[in-house]
Amino acid sequence: IPIPEKIGQSHQLSNNIPNVSAMDSETESVGIISNRLQKYEMIESTHCLLPDASQPPSQQSNGDGPARDGQAHLQQQFQRDAEGLATAVASPAAFQYPNPWVRRSHPTRPPSASQSEGQQLTVAAGGTPSLFEIVRQNFISYCQTTSLRGVPKIVKTRDRLLRHIWILFTCTFFLGCFTCLALIIKQYLAYDVIHQPRTVRNHPVQFPSFTVCNTRPFSQAGIQYILDRGLVLPKNYSQFVMQAMRNTAENQRGVGFNDTTKEALSTIFETKGYFENVPRGFDIARLGHTIDQTILICETTILDKDFKRSKFCETIGTWTRTYDNKFLNCYTFTADANNTQKILTVRIMAYTNERNLTNCPDCSSFPATQVSGLRVQLHNAGNYPEVQEEGLNIRPGSLTEIRFETKEWVMKEPPHGRCSTRVPPSVLFNGDAFTYSYQACKKKLLHEEIMKKCGCLDSTIPLPDSMRNTGLDFCGRIPPSQFSLQSEYIQRHNHSTPHDDNDDQRKRPSFHFDADFNDFLRRLTCNTAVFKVSGHATAHQCFTPCTYYTYQTTISTTNWPTRAYHYEIVNDFKNLRDRIDNLHRRGKISRNSSYLDPVFQRLQRIYGPLSEADSPAEAERMLRGIDYIERNFIEILINRGKSNFDIERIEEKAVISLTSLLSQIGGLLSIWVGLTFVCIVEIVDLLYNICVSYNGSRQAA
């Protein structure tokens with residue numbers, strides 16, 4: 001029968017089969033035969049056409065015996081299938097098709113021994129193929145139709161050289177894909193972040209807290225308090241201790257102190273060592289300036305329902321005293337929650353109380369102790385101030401304007417960032433509550449670490465409330481048996497005589513290396529060692545808030561006041577006192593104008609005679625020798641930036657997010673090897689075909 005004609009007949013027969021899907025299980029063989037006929041049609045499409053029997057032998061292929069045998073085998077197989085298909089259509093119940101899973105031998109060529117042996121290995125008892133054979137055949141079919149680039153070419157290509165070329169390129173594509181995947185996953189696991197800034201318009205934000213410190217830490221009343229207690233001044237203490245430590249090292253006959261001990265001892269030569277060696281019960285707060293001596297006027301301008309109003313700071317916020325080991329008493333203003341977003345400007349008139357003395361009792365050889373003015377810091381509302389690290393110096397006799405731009409930081413939680421939404425709301429230092437911050441957390445943990453490892457306290461770190469009643473000494477306290485801040489003790493040991501004949505060569509003043517002094521050196525070196533590793537010790541325990549604010553400041557300074565204002569300053573202070581007393585009587589503020597009396601009396605004494613001068617020339621001559629305002633008064637303006645309620649929001653974002661990672665992985669797989677989600681469906685189809693074939697083989701057996 002001619003193959004093309006027979007194929008057409010088979011299609012016609014298969015199309016005329018009535019409702020094949022509704023037949024019983026015995027008629028399912030019809031579909032199997034139809035599928036086989038479709039395979040013959042595929043053979044024709046690949047130009048493997050069988051010879052037409054109707055053609056004369058001269059027009060048929062003159063192939064060799066094996067080729068002719070293969071063609072004869074296909075013709076006979078096709079003849080049997082066509083007859084079986086006709087029988088199945090005529091009588092489906094009587095049709096018995098042989099087991100389709102049994103491999104039939106070649107009709108004209110007996111199978112070789114190796115083929116018989118292979119057939120025994122792949123076909124189980126009763127003519128059922130093994131699971132391995134089923135998986136193998138379905139996997140080959142999957143490779144022929146998969147969308148993975150290069151894999152169908154490897155299976156279908158008959159030329160060996162081309163097949164090897166495709167294998168090489170396909171393996172190279174897969175290797176390049178896996179390399180890129182490894183790199184992109186490594187970059188994702190680094191959890192790098194970027195900070196994307198953007199401007200948010202008309203976003204009311206809280207006004208920052210600001211802290212003010214006098215750069216001359218000791219007030220005149222504080223110096224008098226030291227002298228009344230019979231103590232030496234800081235300058236005399238520094239000179240005595242430095243000389244005593246130098247003599248102690250020389251008395252060791254060349255041994256002296258090692259470098260670690262020298263570094264630790266250098267921390268007690270200045271005010272830190274002085275504060276840590278004051279007698280028990282000594283009130284260090286009395287050494288510094290009070291708020292009445294520092295802040296003369298603090299007024300705010302608020303925007304209330306589109307109207308600007310002026311209010312004293314005390315009516316819309318609170319002042320808090322904080323301790324700093326360098327500046328002693330500092331004062332922080334924080335606005336109330338109801339008013340913090342309304343403040344536009346804060347005006348401060350500060351008083352430095354500069355002492356016109358040729359002998360500076362709290363000065364030393366360090367330039368930082370010889371300055372005059374204020375130290376001001378703007379920081380997040382309610383946070384513990386970092387005046388030494390982030391403060392701004394402002395000189396007397398000037399009007400300084402501080403403009404700030406607000407930056408809102410929105411951070412990410414681990415693993416990408418270091419923020420946490422579970423941080424405590426506040427931190428307690430010296431009985432006062434401060435808003436939680438990363439730096440405050442580090443200070444608290446650092447002080448606790450010093451107490452745990454060294455058994456002492458450090459005056460440079462604020463004292464947490466949990467450590468207020470420990471009864472421990474400061475790390476820099478010299479043993480009382482060998483040192484005292486009493487003036488009598490210092491004078492006696494500066495001119496002391498040897499205790500016995502063995503001490504004839506000892507230099508004085510000096511210290512003895514007894515158990516107490518060795519314990520003092522141990523505490524001091526331990527304190528320094530803990531400070532060096534403080535960043536590593538607390539990095540994994542402290543987290544930043546996920547949202548916080550910082551302030552970028554711009555400073556402009558001009559001379560203040562003008563010469564003409566000297567004639568008006570006394571009258572201005574009179575009006576200011578009246579305003580304060582009026583608000584105090586109405587209960588708006590807690591203090592009256594009495595705190596201004598010392599300054600007002602001094603201004604009257606110095607500038608009052610100007611109004612009684614005989615002529616303007618005489619007043620000008622008198623004014624030339626007066627510089628009281630220039631040395632003691634400072635005017636400060638704190639303003640929001642050019643756009644009052646615009647902020648810059650800086651959001652922390654992952655360089656590679658999870659969605660970006662998946663997108664890049666999908667792109668790499670598609671570009672290199674053509675792997676898409678369709679391949680998942682193809683794998684499901686492969687598994688489904690294996691299961692169906694395996695179940696069919698078991699039922700056939």
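Colleague: Let's start with residues 665-688: what percentage of the chain there is helix, and how far apart are the end C-alpha atoms?

Modeller: Happy to help, and please keep in mind that this is a predicted model. The UniProt annotation "transmembrane region", from an unreviewed entry, covers residues 665-688. Over that span the chain has 0% strand and 88% helix, and the end C-alpha atoms are 27 Å apart.

Colleague: And what is the helix content of residues 165-185?

Modeller: Residues 165-185 are also covered by the "transmembrane region" annotation in the unreviewed UniProt entry. In the model, their end C-alpha atoms lie 30 Å apart. Strand makes up 0% of the span, and helix makes up 100%.

Colleague: Let's turn to glutamate 408. Is its side chain's residue buried or exposed?

Modeller: Glutamate 408 sits in strand β10, which runs over residues 398-410. Its relative accessible area is 7%. Buried means under 20%, so glutamate 408 counts as buried.

Colleague: Which side chains make polar contacts with the side chain of glutamate 408, and at what distances?

Modeller: Two such contacts can be described. One joins glutamate 408 to tyrosine 549 at 3.2 Å. The other has a distance of 2.5 Å, and the partner of glutamate 408 there is arginine 649.

Colleague: Which residues does glutamate 408 touch, leaving aside those up to four places away in sequence?

Modeller: The polar partners tyrosine 549 and arginine 649 are both on that list. Thr547 and Tyr548 are touched as well. The list also holds Ile647, Glu648 and Ile650. In full, glutamate 408 touches Thr547, Tyr548, Tyr549, Ile647, Glu648, Arg649 and Ile650.

Colleague: Now the cysteines. What is the handedness of the disulfide of cysteine 213 and cysteine 330?

Modeller: The structure holds six disulfides, and one of them joins cysteine 213 and cysteine 330, with sulfur atoms 1.9 Å apart. The torsion about their S-S bond is about 120°. That makes the disulfide right-handed.

Colleague: Which parts of the chain does the disulfide of cysteine 213 and cysteine 330 tie together?

Modeller: Both ends are buried, with a relative accessible area of 0% for cysteine 213 and 1% for cysteine 330. The pair ties together parts that are 117 residues apart in sequence. Those parts are strand β2 (residues 209-214), with cysteine 213, and strand β6 (residues 328-335), with cysteine 330.

Colleague: What about cysteine 298 and cysteine 313: is that disulfide left-handed or right-handed?

Modeller: Here the S to S distance is 1.9 Å. Cysteine 298 is buried at 7% relative accessibility, and cysteine 313 is buried at 1%. The torsion about the S-S bond is about -65°, so the disulfide is left-handed.

Colleague: How many residues apart in sequence are the parts tied together by cysteine 298 and cysteine 313?

Modeller: The disulfide joins these two cysteines. Cysteine 298 lies in strand β3 (residues 295-304), whereas cysteine 313 lies in helix α13 (residues 313-316). The pair therefore ties together parts that are 15 residues apart.

Colleague: Where does cysteine 546 lie, the partner of cysteine 419?

Modeller: Their disulfide has an S to S distance of 2.3 Å and is right-handed, with 80° about the S-S bond. Both cysteines are buried. Cysteine 419 is in strand β11 (residues 419-420), and its partner is 127 residues away. Cysteine 546 lies in the loop between β14 (544-545) and β15 (547-559).

Terms used. Residues numbered from 1 in each chain as written. Predicted model: local features only at pLDDT ≥ 70, side-chain atom pairs only at ≥ 80, totals over all residues. Heavy atoms only, no water. UniProt positions renumbered as here; feature names shortened; annotations may be inferred. Helix = DSSP H or I, 4+ residues; strand = E, 2+ residues; numbered from the N terminus. Buried < 20%, exposed > 50% of the residue type's maximum accessible area, 1.4 Å probe, protein only. Polar contact = N/O pair within 3.5 Å; in protein donor to acceptor, adjacent residues only side chain to side chain. Contact = heavy atoms within 4.5 Å. Disulfide = S-S within 2.5 Å.
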